[in-house]
Amino acid sequence: MDDMQLILYNARLRGLDGLLPETAMAILDGKIYALGDDEAILMLRGEETECVDLHGATVYPGFGDSHMHLLHFGVTLREVELKDANSIEEVQALCRRFIEQNHIPAGEVVYAHGWNQDRFPDRRMPTRQDLDAVSTEHPIVAPRICGHIAVGNTRALERFGITEATRVPGGEIYLDEAGRPTGIVSENAVSLLYKTEREVSVDEAAEILRRAAEYAASRGITCVHSDDLHAMAGCSPETVIAAYRKLAREDALAVRVLEQCQLLGEAEIERFFAQGHFSGEAEGAFSLYSLKIISDGSLGARTAYLRAPYADAPETRGLLCYAPEEIEAMVRAAHAHGMPVAIHAIGDAAMDVCLTAIEHAQKDDPDHKPRHGIVHCQITDEALLDRFAALGVQAYVQPVFLEYDAHIVEDRVGQARAAHSYSWKGLLRRGVNVSGGSDCPVEGMDSCKNLYCAMTRADFAGEPAGGWRPEENLNAQEALRVFTRNVAAASGDEKRRGDLVPGFDADLTVLPEDFFEVAPEQVKDLSPCLTVMGGRIRFRA
């Protein structure tokens, strides 16, 4: 027998069914080889085996993130961070400081991200005039935290050719009372602010992805479902795929990546398959998995598509990014090729459209059975939850969203609709595969903060006390399953990862304390001390 690759000992091992009696684990060829007591497992070591004394730390199946944007997160590391801005004046100051400290030459586009008007005293979205006050020499582009709405200054609008006459299907150019652009754009129009003539190289994209994946590993994550193909201006889908393959060949990808392939319309989907791509196409830790479709906007920006008008903006129901027949055609195309769909849908009306499209594809082509899913699943009612279960549609949810959304959802949709929304436990009770993610960089990818929100449904200050709709709080065992086994099941891999079982992939997250045994409010403050993916240590504190 070859030498064991890695031995972890003096540990607590917590699997899906509870705390295991064993205290040590041997890993060979990237898989869990054996569990046992310290003495028995250490007898398996060889000259090349790395043995790690965990000093009583707790080993879990590797935490996953079932929906995020790894490349976009990597790109944001080079932009102005606005998440902590509490006013438009702070947005301006942060942008101004970034330009000065980085000596950005006049004419070069400055990208910022993450502002949230709900944090501002007047709750007003910034306009082009606000960014003009920062600079009239630099085009400035700043998307809201959700990414579904953005603002550009006057120089940016000129640079990208946006005027009052600009029209974008599934998007909007906001105009003032005089009919001039305010600088604010939404949904499909946001991409207008990211046009570039510069082509990103495979090596450049790979370096951005490598750093982003290493950060994910530092947060205890071993596997992500990531939407990347249109995440960076000048970076084509084929460049993204080539960059991931390069990293995978070099074993330089610190987390497993299952690509949620965002393809823009039926024609692009068919070209993708004609090029020979398919669901399950893999190289090392990277694989193409699902088709990502964005059907509507966000709740914070009031662009999520609702059946009835917004309670705090009765003039709008939000926006559907594609016509229902276009969504149906895209779902059918993916289904016919055996590729699951992962459809962004936040509003109840959007979910109706998407579930109907999935239902029709399943009825018309019953031979293919891909694991279709809805991403976000926020504004629901009991009938919609029942449809998830009846159709076998999975739910990709983001518990960490409630850190903010718990404070706005009733304002946005009213108490009656809010009373049946963000119903993760309700979906679990119906047998729906509910997997947890972060939507990073919309939210941070910190796995322990996400677990905390799943268990408490409160913000990081503990409000509201007891949690928002506490009947939907997950217990520790449910939360662990949502971020481990259920992430594996999202891609049909529940028989090879997501638990501490000999023969399973050695994807492991180690915390210094067991989050089952600390107070729920302390879970958010835990930080991984070791992350293992494929039997290799990818992060060590």
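This report covers the cavities, one pocket and two strand regions of a predicted model.

## Cavities and a pocket

The structure holds two cavities of 30 Å³ or more. The largest cavity has a volume of about 70 Å³. The second largest cavity holds about 30 Å³ of space. The second largest pocket takes in about 680 Å³.

| Space | Volume | Nonpolar residues in lining | Polar residues in lining | Charged residues in lining |
|---|---|---|---|---|
| Largest cavity | about 70 Å³ | five | five | two |
| Second largest cavity | about 30 Å³ | three | five | one |
| Second largest pocket | about 680 Å³ | 12 | six | 11 |

Start with the largest cavity. Its wall includes Gly 62, Phe 63 and Gly 64, along with Thr 222 and Cys 223. Phe 483, Thr 484, Val 487 and Ala 488 also line the largest cavity. Arg 497, Gly 498 and Asp 507 complete the lining. Three elements give two or more residues each: β8 (63–68), β15 (221–226) and α17 (485–490).

The second largest cavity has its own set of lining residues. Gly 64, Asp 65 and Ile 221 belong to it, as do Gly 436 and Gly 437. Met 445, Ser 447, Asn 450 and Phe 483 make up the rest. Here the elements that supply two or more residues are β8 and α15 (447–456). Gly 64 and Phe 483 appear in the linings of both cavities. β8 likewise gives two or more residues to the lining of the largest cavity and to that of the second largest cavity.

Now the second largest pocket, with its space of about 680 Å³. Its lining counts 29 residues, and the closest to its centre are Lys 83, Ile 145, Glu 403, Glu 443 and Gly 444. Helices α2 (70–76) and α12 (402–405) each supply at least two residues of this lining.

## Strands β20, β21 and β22

Strand β21 spans residues 394–397 and is covered on both faces. Gln 394 and Tyr 396 are buried on one side. Ala 395 and Val 397 are buried on the other.

β21 has a parallel partner in strand β20 (residues 373–376), with three bridges between them. Val 375 has Tyr 396 of β21 as its bridge partner. Helix α11 (residues 382–391) joins these two strands in a right-handed β-α-β unit.

β21 also pairs with strand β22 (residues 434–436), again in parallel, and again over three bridges. Tyr 396 stands opposite Ser 435 in β22. Tyr 396 thus takes part in both pairings, facing Val 375 and Ser 435.

## Strands β23, β24 and β25

Strand β24 covers residues 530–533. Leu 530 and Val 532 point one way. Thr 531 and Met 533 point the other way. Each of these four residues is buried.

What is the sense of the pairing between β23 and β24? Strand β23 (residues 508–511) runs antiparallel to β24, and three bridges join them. Leu 508 stands opposite Val 532 of β24.

β24 also pairs with strand β25 (residues 536–540). This pairing is antiparallel and has four bridges. Val 532 faces Ile 537 in β25. Val 532 of β24 is therefore set opposite Leu 508 and opposite Ile 537.β24 and β25 form a hairpin with two residues between them. Gly 534 sits in the turn, with a positive phi of about 60 degrees.

Technical notes
Residues numbered from 1 in each chain as written. Predicted model: local features only at pLDDT ≥ 70, side-chain atom pairs only at ≥ 80, totals over all residues. Heavy atoms only, no water. 1 Å grid on protein atoms, 1.4 Å probe; cavity = no way out; pocket = protein on both sides within 12 Å on 5 of 7 lines; lining within 4 Å. Points joined across faces, edges and corners; volume = space filled by probe spheres on them. Nonpolar A, V, L, I, M, F, W, Y, C, P; charged D, E, K, R; others polar. Buried < 20%, exposed > 50% of the residue type's maximum accessible area, 1.4 Å probe, protein only. Pairing = 2+ DSSP bridges. Right-handed = clockwise from strand over helix to strand, strands pointing away.
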